[in-house]
Amino acid sequence: MKGLIFSAGLGTRLKPLTDTMPKALVPLAGKPLLQWQVEKLRDAGITDIIVNVHHFPDMIIDAIRRNNGWGCHITVSDERDQLLDTGGGLRKVFRDGLLGKNEPILACNVDILSNINIPALIDRYEQTGLSQLVVSDRKTQRYLLFDEENMLRGWTNISTGEVKPANLQSPISNLQLLAFSGMQILTPEVLSCLDEMEESKFSMIDFYLHLCDSNRTPLQAFMPKGYKMMDVGKIDEIEKAERFAALLVSPERLELSTH
């Protein structure tokens, strides 16, 4: 199984840091965000990794080379000509032949730190043969909707009342509201549907809702026990993210954390 780290974003919420560096190289507890993700995948046995780039791409490429991929074989998917968002970025990887047509992929966002047990996620994928979306019960405005068998049925924004897809059969009251955590393992069958998306730029959530709308290629929720995560997305939360990152190297301390 290969890994994909979405690293092409502009990181606008992390300005002014991202005025001079890509989000992927923003340092936390002595390591750039990209290194945290690469090492997490590497320690789980995933050493063949794809990294997509757009904002300050040469800085990311240089960091990978200088650090010998942090012990991994890293291939760059270059989006400097057009930023494609997560879904479009994954489709480019698939179209460019960086991923075999019968090969699953574990894809994650570069700016999500967590204590997830990736081997347990891989085990779930191998046992079920189903795509796995890592979720949590954290409070947010936008949720994925899952049925009693933990299969994805839709999405909602609770602040606006918007629900997708429009043809959702079940009332929201009968569904679980869970927050997406920016990590997933996708089957080759799901990946083969990427070409059905008409836009060149689209998010993974857009893609998942397309699959829900056509009612096929099931996507299952994976909610790890004791899961703690943090989205390193805002400049005013960098200090908090530094503390969280430091705790990740001490699992016993993280269990006691209130983050």
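Which residue meets the side chain of D111 in a salt bridge? In this predicted model, the partner is K23, whose side chain meets that of D111 with 3.2 Å between N and O. The pair links distant parts of the chain, since D111 lies in the loop between β6 and β7 (112-114) and K23 in the loop between β1 and β2 (27-28), 88 residues apart. Both D111 and K23 are buried. In general, side chains of opposite charge can pair when their charged atoms come close.

A search of the whole structure finds 13 salt bridges, and two further examples may be set beside the one between D111 and K23. D19 forms a salt bridge with K15, the closest N and O atoms being 2.5 Å apart. D19 has a relative accessible area of 40% and is therefore counted as partly exposed, and K15, with a relative accessible area of 42%, is likewise partly exposed. The side chains of D78 and R80 also meet in a salt bridge, at 2.8 Å from N to O. Here D78 counts as partly exposed because its relative accessibility is 32%, and R80 is partly exposed at 36%. D78 and R80 do not stand alone, as D58 is linked with them in a network of salt bridges.

The strands provide the setting for several of these residues. Strand β4 (residues 48-53) is joined to strand β5 (residues 73-78) by 6 bridges, and the two strands run parallel. Within this pairing, I50 has T75 of β5 as its bridge partner. Between the two strands the chain passes through helix α2 (residues 57-66), and the resulting β-α-β crossover from β4 to β5 is right-handed.

Strand β6 (residues 105-109) takes part in two pairings. With β1 it pairs in the parallel sense over 5 bridges, and F6 stands opposite N109 of β6. With strand β12 (residues 176-186), β6 is joined by 4 bridges in an antiparallel arrangement, in which A107 has Q184 of β12 as its bridge partner. Strand β6 is mostly covered, 4 of its 5 residues being buried.

Strand β1 (residues 2-6) includes K2, a residue that is buried yet has no salt bridge. The nearest side chain of opposite charge belongs to D48, which is 4.2 Å away; a salt bridge requires a side-chain nitrogen of Lys or Arg within 4 Å of a carboxyl oxygen of Asp or Glu, so K2 and D48 are not counted as such a pair. The side chain of K2 instead reaches the backbone oxygen of L98 at 2.7 Å. Leaving aside neighbours within four places in sequence, the contacts of K2 include I46, D48 and I50, together with L98, L99, E103, P104, I105 and L106.

A buried polar side chain is also found in helix α1 (residues 33-43), which contains Q37. Q37 is classed as buried because its relative accessible area is 5%. The side chain of Q37 reaches the backbone oxygen of I112 at 2.5 Å. When residues up to four places away in sequence are not counted, Q37 touches I5, C108, N109, V110, I112 and L113. One of these residues, N109, is the one that F6 stands opposite in β6.

Key
Residues are numbered from 1 along each chain as its sequence is written. This is a predicted model: local features need pLDDT of at least 70, side-chain atom pairs count only at pLDDT 80 or more; totals for chains, interfaces and linings use all residues. Side-chain values use heavy atoms; hydrogens and water are left out. Two strands pair if DSSP finds at least two bridges between them. A crossover is right-handed if, with the strands pointing away from the viewer, the path from the first strand over the helix to the second runs clockwise. Buried means under 20% relative accessible area, exposed over 50%, partly exposed in between (1.4 Å probe, protein chains only). Lys and Arg count as positive and Asp and Glu as negative; His and the chain ends are not counted. A polar contact is a pair of N or O atoms within 3.5 Å; within protein, one must be able to donate a hydrogen and the other to accept it, and residues adjacent in sequence count only if both atoms are side-chain atoms. Contact means heavy atoms within 4.5 Å.
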